[in-house]
Amino acid sequence: MSRTARWLGGVALAAAFLWSAWATEVSLGRVIEGVPFMLDFIRRMLPPDPSVLGQALKGALQTLQISVVGTAVGALLALPVSFAAARNTSRRWIFYWTRGALNSFRAVDTLVYALFFVAAVGLGPFPGVLAVVVYTATVLAKLYSEAIEAMDPGPVEAVEAVGATRLQVLRWGVVPQLLPQFLSFTLYRFETNIRAAAVLGFVGAGGIGFYIQTYLRLLNYPAASTVLLVLVGMVMLVDFASSRLRARLV
């Protein structure tokens, strides 16, 4: 790339940033004006109310359960779809149709799916599970398919050359290459599902978000801060454990 092209590209990026900042009414002055209100909000949340710790832990456990079930089922559903969404394992028309469907479903956020399923099956953690399943399946199918496309054909060809059956080719040529990546993607998605499931309670889909919303509506800020602290602690623990597992897999 020439120097002129790089310069023009930089100017275009800067112009796009300035235009976007102007269109979204970015204002440092408004942030400065809002600092006292932010500090007052934090002041009202201190000290945390330990009397609601039991409810906070109950909500955190339910959020974890939603994420576990949603991630596990979503990963199982994503597995066959991923082979249909990979160029090197499916027919051309199946590939484009599947990729188009995945892009369409991934364009909808988990919270919107939660609203849909709350209207369909009622309040509680079950619609939260369904929302996590749908979004997780579409995201993991995309990630799995990219791993399949990047797979080294050498081991597969070597196993085929000795007269192996399709099942043996899958067992010895495909699975050893893909399994570590699939597990890594699934664990990473589990981490993000914890955060996603934490806000599903705001629309009646269970989890710790229900308690955060309830206490904020009641203006019980110390109780809300306790729930938030439990949420932060849970996310940190899950991130730490998941990161250690992914480091061992990759």
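The residues lining the second largest pocket divide into 3 nonpolar, 6 polar and 1 charged. That is a good place to start a walk through this structure, which is a predicted model. About 160 Å³ of space lies in this pocket. Around that space you will find Lys58, Gly59, Gln62, Leu123, Gly124, Gly204, Gly206, Gly207, Phe210 and Tyr211. Two helices, H3 (53-84) and H9 (208-217), each supply at least two residues of the lining, and H3 gives the largest share, with 3 residues.

Let us turn next to Gly128, which is found in helix H6 (residues 125-149). Is Gly128 buried or exposed? Its relative accessibility is 0%, and because buried means under 20%, Gly128 counts as buried. Which residues does Gly128 touch, leaving aside neighbours within four places in sequence? The answer is Ile66, Leu200 and Ala205. Ala205 makes a nice example of a link across the chain: Gly128 and Ala205 are 77 residues apart in sequence, yet their C-alpha atoms are 4.7 Å apart in space.

From here, follow the chain into the largest nonpolar core. This core has 20 residues, and those touching the most other members are Ile194, Ile208, Tyr215, Val227, Leu231 and Met234. Four helices each supply at least two of its residues: H3, H8 (166-198), H9 and H10 (221-249). H10 provides the largest share of this core, 9 residues.

Ile208 deserves a closer look. Leaving aside its neighbours within four places in sequence, Ile208 is in contact with Ala56, Gly59, Ala60, Thr63, Ala198, Val227, Val230 and Leu231. Two names on that list may look familiar: Gly59 also belongs to the lining of the second largest pocket, while Val227 and Leu231 are listed with Ile208 among the core residues that touch the most other members. Apart from this core lies another, of 15 residues, including Tyr113, Ala114, Val118 and Val139.

The last stop is Glu191, a residue of helix H8. How does Glu191 sit, buried or exposed? With a relative accessible area of 5%, Glu191 is buried, since the cut-off for that term is under 20%. Not counting residues up to four places away in sequence, Glu191 touches Val238, Asp239, Ser242, Ser243 and Arg246. Helix H10 spans residues 221-249, so with your structure open you can trace these partners of Glu191 along H10.

Methods:
Residues numbered from 1 in each chain as written. Predicted model: local features only at pLDDT ≥ 70, side-chain atom pairs only at ≥ 80, totals over all residues. Heavy atoms only, no water. 1 Å grid on protein atoms, 1.4 Å probe; cavity = no way out; pocket = protein on both sides within 12 Å on 5 of 7 lines; lining within 4 Å. Points joined across faces, edges and corners; volume = space filled by probe spheres on them. Nonpolar A, V, L, I, M, F, W, Y, C, P; charged D, E, K, R; others polar. Buried < 20%, exposed > 50% of the residue type's maximum accessible area, 1.4 Å probe, protein only. Contact = heavy atoms within 4.5 Å. Core = buried A, V, L, I, M, F, W, Y, C linked by side-chain atoms within 4.5 Å.
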